[in-house]
Amino acid sequence: FVSLRDTTTRLDVGLNTSGRLSTFVYGSQGLVYSLQQGYSYLQDDRLGAAVRWKLGRRSSLRAFAEAGRNDYTVAIPGTPERQDDTLAVGASLDFLLGRELAWSLRAHRTELDSNLAGQDRTVTSFGAGITFGLQKSSWF
């Protein structure tokens, strides 16, 4: 394992323009452990924007787009340097079930463009989830 000599962070800024429409911009620098041979972890840097439409008293639709870069940290000498440019879009449909409980449906698509031949890929995912606690629906 290669030690991390950096900080991780996330910053979100939002604006509620009409009571029904909210806009957000955000950025993050995160650490993701790698399962790829020769790499210890990657630094995941993202910048994005999201819009949330309140559909009714207990439901909302959120859409987002983000771009960034994954910088892999080499763990084994001789492993090539790797960087993946990322572009992601997605949406979620959220339903408040109670004061501190929400249910959501999600769709997410990420395109990764690697500097290494044969490592470009696209990942599409669909999901459903339940969120407990004071932060009702924070998925971007």
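Tyrosine 39 and tyrosine 72 are both buried. That is a handy place to start with this predicted model, since the two residues also make an aromatic pair. The count of such pairs comes to 2. In this one, the ring centres of tyrosine 39 and tyrosine 72 sit 5.2 Å apart with the planes at 65 degrees, and angles over 60 count as edge-to-face, so that is the label the pair gets. Tyrosine 39 belongs to strand 3 (residues 39-54) and tyrosine 72 to strand 4 (residues 59-74), so the pair ties together parts that are 33 residues apart in sequence. Tyrosine 72 has a further partner: arginine 82 lies over the face of its ring, 4.3 Å from the ring centre. A similar arrangement turns up with arginine 62, found over the face of phenylalanine 24 at 4.5 Å from the ring centre.

Now for the sheet. It is an open one, built from 7 strands in the order 1-2-3-4-5-6-7, with antiparallel pairing. Strand 1 (9-16) and strand 7 (121-132) are at the edges and have a single partner strand each, so one side of each has no neighbour in the sheet. On average, and ignoring direction, neighbouring strands are turned by 15 degrees against each other.

Going along the sheet, strand 1 is joined to strand 2 (residues 21-33) by 8 bridges, the two running antiparallel. Here leucine 15 stands opposite threonine 23 of strand 2. These strands make a hairpin with 4 residues between them, and in that hairpin glycine 19 takes a positive phi near 90 degrees. Strand 2 then pairs with strand 3 over 13 bridges, again in the antiparallel sense, and tyrosine 33 has tyrosine 41 in strand 3 as its bridge partner. This is another hairpin, with 5 residues between the strands, and glycine 38 in the turn has a positive phi of about 95 degrees. Over at strand 7, the antiparallel pairing with strand 6 (residues 101-114) covers 12 bridges. One of the matches there puts arginine 106 with glycine 127 in strand 7.

The turn holding glycine 38 also has a visitor. Isoleucine 76, from the loop between strand 4 and strand 5 (83-98), touches Gln37 and Gly38, leaving aside residues up to four places away in sequence. The C-alpha atoms of isoleucine 76 and tyrosine 39 are 7.0 Å apart, although the two residues are 37 residues apart in sequence. Isoleucine 76 has a relative accessibility of 41%, so it counts as partly exposed.

What about charged side chains? A search of the whole structure finds 6 salt bridges. Aspartate 44 and arginine 46 form one of them, at 2.8 Å from N to O. Aspartate 44 is buried at 16% relative accessibility, and arginine 46 is buried too, at 14%. Glu66 joins in as well: Asp44, Arg46 and Glu66 are linked in a network of salt bridges.

Aspartate 84 takes part in further salt bridges. With arginine 82, the closest N and O atoms are 2.9 Å apart; with arginine 121, the closest N and O atoms are 3.3 Å apart. The second of these links distant parts of the chain, with arginine 121 in strand 7 and aspartate 84 in strand 5, 37 residues apart. Aspartate 84 is buried, with a relative accessible area of 0%, and arginine 82 is buried at 1%. Arginine 121, by contrast, is partly exposed, with a relative accessible area of 30%.

Notes: Residues are numbered from 1 along each chain as its sequence is written. This is a predicted model: local features need pLDDT of at least 70, side-chain atom pairs count only at pLDDT 80 or more; totals for chains, interfaces and linings use all residues. Side-chain values use heavy atoms; hydrogens and water are left out. Rings of Phe, Tyr and Trp (its six-membered ring) pair if their centres lie within 6.5 Å; planes under 30 degrees apart count as stacked, over 60 as edge-to-face and the rest as tilted. Buried means under 20% relative accessible area, exposed over 50%, partly exposed in between (1.4 Å probe, protein chains only). A charge sits over a ring if NZ of Lys or CZ of Arg is within 6 Å of the ring centre and within 35 degrees of the ring normal. Two strands pair if DSSP finds at least two bridges between them. Axes are lines fitted to C-alpha atoms, for helices over the stretch in contact, and angles run from 0 to 180 degrees between N-to-C directions. Contact means heavy atoms within 4.5 Å. A salt bridge is a side-chain nitrogen of Lys or Arg within 4 Å of a carboxyl oxygen of Asp or Glu.
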